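Subject: Structure handover

Dear colleague,

Here is the structure I said I would pass on. My notes on what was found follow below the model.

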Amino acid sequence: MQKVTDPATPGVAQIGVAQRLIAAATTEFQRHGFQGASVSRIIETADCNVRMIYHYFGSKLGLYRACIEQVYEELRRAEAEASFWDLPPKQAIAELTRFTFDYMETHPEFQGMMRIENMTDGVHVRELTTVNSRAETLFNAISNVLDRGVAEGVFAHRPDPGSLYLSILGLATIHIANRHTMGVVLGRDLSAPDFLIARREEVVRMVLASLTSSTE
């Protein structure tokens, strides 16, 4: 991120420092966890002094919570701004699945922060009300697509929106979470472009099959 140095724009400069701290800390927390993360390394990477952490975030924990909130916010914003929600139901779900698959591949910081937070039983994310409210917006959007699909006879049944998203997220990330171990087992590079293209479409087929197949 470009460093803002113009003293005539203190508001912009302040935002720049805070964002540099979040970017540096997100990387540090992913690599070392909350306890192992070094404040010294964070401020060195962010090119500022330790007082800035306490000025903007109150503490190392406050900075950690800001990192979690930001990775969630960026994902929810990207989902909300996506152009596929008004597509025909099957196409909308297919594009949501592709979007989620691609986002998780290109934004490892999200999975990294979630991995660290899950190791602490999610105690901090529970307290982030904005995270939970934005998830509600996502589930409402999925619900609307599912309702349209059932009404049009495209979907054979209507799952809970949160459960469907959990399935999409799981299928879109399992190859990342197990990339090295399963790469050895399968004897292939799970980050190779040809694998990712084929895997993404396989995930789309599985998700759509779960909606169009009868549960009886």
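A residue is called buried here when its relative accessible area is under 20%, computed with a 1.4 Å probe on protein chains only. The model is predicted, and every value in this note was computed from it.

Helix α7 is worth opening with. Its buried residues are V131, A135, L138, A141, I142, S143, V145, L146 and G149. These residues pack against four stretches of the chain, namely α4 (60–81), α5 (89–106), α8 (161–177) and α10 (193–212).

The length of α7 can be checked by arithmetic. The helix has 23 residues, 129–151, and at 1.5 Å a residue it should span 33 Å; the C-alpha atoms at its ends are 33 Å apart, so the two agree. After α7 comes G153, with a positive phi near 75°.

As for the whole protein, it has 10 helices and zero strands. The C-alpha trace spans about 60 × 40 × 30 Å along its principal axes. Of its 216 residues, 41% count as buried. Taking contacts between residues at least 6 apart in sequence, 67% join residues at least 24 apart.

On the surface, the protein exposes about 11,800 Å², of which carbon and sulfur atoms supply 55%. There are 21 positive and 26 negative charges, and the mean positions of the two sets lie 4 Å apart.

Regards

How values were computed: Residues are numbered from 1 along each chain as its sequence is written. This is a predicted model: local features need pLDDT of at least 70, side-chain atom pairs count only at pLDDT 80 or more; totals for chains, interfaces and linings use all residues. Side-chain values use heavy atoms; hydrogens and water are left out. Helices (H or I, at least four residues) and strands (E, at least two) are DSSP runs, numbered from the N terminus. The expected span of a helix is 1.5 Å times one less than its number of residues. Buried means under 20% relative accessible area, exposed over 50%, partly exposed in between (1.4 Å probe, protein chains only). Contact means heavy atoms within 4.5 Å. Accessible areas come from the Shrake-Rupley method with a 1.4 Å probe; for residues, only the protein chains shown count as cover. Lys and Arg count as positive and Asp and Glu as negative; His and the chain ends are not counted. The place of a charge is taken as NZ of Lys, CZ of Arg, CG of Asp or CD of Glu.
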